[in-house]
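User: I would like to learn how to read empty space, ring contacts, cysteines and backbone angles in a structural model. Could you take me through them one at a time?

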Amino acid sequence: MGGAPTLTFEIQLGDSDVQLCLHPPRRLAVQVLHDVPLRIVQDMDELYQYAEPSYGEELASLSVVVPHSDIRGLRNVLERMKAFSEYVLLTARDMASDPRSGHGESRTAMLQLQVRLCAFGLAVYRPSQLVHPRFSTSPCTAPQPAARCSKVTASVEKDNLVTISTTYTKLERVHVAEPTLQQAGSMPSSIGTSAPQPLAIGANGEQEAEAKVEIKRLYRCLQSVVSSDIKIHGGICCIIPERAVILKVFLPSSEPSHESHVVFFFPVIL
């Protein structure tokens, strides 16, 4: 393309993907080349905008494992929630009073998605738009893998506000190992030297972290992952209150020793 840098896609189509009127009919394979023009970033100020954000180890955070079967469900829920609100509140809770107590039950975490809207706007939508067929307005009774279930609730509050929430229960929490004194001494002064900030404590004594993000951004990222032909192995949702929501999705890898994943960063709406 005139000597400009490009990214070339070479697509091989089989005879089943090609529909041509040929007489007599015969097998045909077609090769398609598609060039996408690229722009090389040379300005350091612009390059900084594409840098992966970093967050100190001392920041409070809570991470939960999202099974591959629930990533598609999250996409479906967000698809319906974005019709009611621009933002979604994500809340992660660890129902275990002490993660180091070792009671045996590790699936004590939960992840909740919540939107709020005016009650007057609720009448223009059908009930089927509120509740996805996969969920119900009470804890599910259909068989679920690993004895987990999800539920959707809608509650009317004062000032004509309605809260719609979807909750995934019996998730596994990811515990970040605290650095030893030797490891902390080898880290930069800005990382690892401060003790992690404590998480907020819920009404029942559980640890929790919450953040509000743009619902369309989160939906587009999940849509790009779910709609592809790549098999998803699961994901981790990390909530850093007042900072960001980080979604890490694990992908298949050709080499077992190398991990393949994609990471999405969502800034928090304060």
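Analyst: What follows is a walk through these features in a predicted model.

User: Let us begin with enclosed space. How many cavities of 30 Å³ or more does the structure hold, and what volume does the largest cavity have?

Analyst: Rolling a probe the size of a water molecule over the atoms shows where empty space is left. In this case the structure holds 3 cavities of 30 Å³ or more, and the largest cavity has a volume of about 90 Å³. The elements that give two or more residues to the lining of that largest cavity are α2 (68-81), β5 (109-118), α5 (215-226) and β12 (244-251).

User: Which residues line the largest cavity, and how do they divide into nonpolar, polar and charged?

Analyst: The lining consists of Val-66, Leu-74, Leu-78, Leu-90, Leu-111, Leu-113, Leu-218, Leu-222, Cys-237, Val-245 and Leu-247. By class, the lining of the largest cavity has 11 nonpolar residues, with no polar and no charged ones.

User: Turning to open space, how much of it lies in the second largest pocket, and which residues are closest to the centre of that pocket?

Analyst: The second largest pocket holds about 360 Å³ of space. Its lining has 19 residues, and those closest to the centre are Glu-210, Ile-240, Pro-241, Glu-242 and Arg-243. Strand β10 (residues 207-214) supplies the largest share of the lining, with 5 residues. In the lining of this pocket, 13 residues are nonpolar, 1 is polar and 5 are charged.

User: Glu-242 has a positive phi; where does Glu-242 lie, and is Glu-242 buried or exposed?

Analyst: A positive phi in a residue other than glycine is a feature to read together with its setting, and for Glu-242 the value is near 65 degrees. Glu-242 lies in the loop between β11 (234-240) and β12, and Glu-242 is exposed, with a relative accessible area of 62%. Lys-170, which is not a glycine either, has a positive phi of about 55 degrees. The place of Lys-170, however, is in strand β7 (residues 161-171), and Lys-170 is partly exposed, at a relative accessible area of 42%.

User: What should I look for around aromatic rings, and which charged residue sits over the ring of Tyr-219?

Analyst: One can look for rings that pair with each other and for charges placed over a ring. A search of the whole structure finds 1 aromatic pair. As for charges, the charged end of Lys-82 sits over the ring of Tyr-219, at 5.1 Å from the ring centre, while Lys-212 lies over the face of Tyr-87, 5.6 Å from that ring's centre.

User: How many disulfides does a search of the whole structure find, and why is there no bond from Cys-238 to the closest cysteine sulfur?

Analyst: The search of the whole structure finds 0 disulfides. The sulfur of Cys-238 has its closest cysteine sulfur in Cys-237, but the two are 7.5 Å apart, which is too far for a bond. Accessibility is a separate reading: Cys-238 counts as buried because its relative accessibility is 13%, and Cys-221 also counts as buried, at 18% relative accessibility.

User: Finally, how can residues far apart along the chain be related in space, and where is Asn-204 found?

Analyst: One approach is to set the separation along the chain beside the distance between C-alpha atoms. Asn-204 and Met-95 are 109 residues apart along the chain, and their C-alpha atoms are separated by 8.4 Å. Asn-204 is found in the loop between β9 (200-201) and β10, where Asn-204 is exposed, with a relative accessible area of 68%.

Note on methods: Residues numbered from 1 in each chain as written. Predicted model: local features only at pLDDT ≥ 70, side-chain atom pairs only at ≥ 80, totals over all residues. Heavy atoms only, no water. 1 Å grid on protein atoms, 1.4 Å probe; cavity = no way out; pocket = protein on both sides within 12 Å on 5 of 7 lines; lining within 4 Å. Points joined across faces, edges and corners; volume = space filled by probe spheres on them. Helix = DSSP H or I, 4+ residues; strand = E, 2+ residues; numbered from the N terminus. Nonpolar A, V, L, I, M, F, W, Y, C, P; charged D, E, K, R; others polar. Phe/Tyr/Trp six-rings, centres within 6.5 Å; stacked < 30°, edge-to-face > 60°. Lys NZ or Arg CZ within 6 Å of the ring centre and 35° of its normal. Disulfide = S-S within 2.5 Å. Buried < 20%, exposed > 50% of the residue type's maximum accessible area, 1.4 Å probe, protein only.
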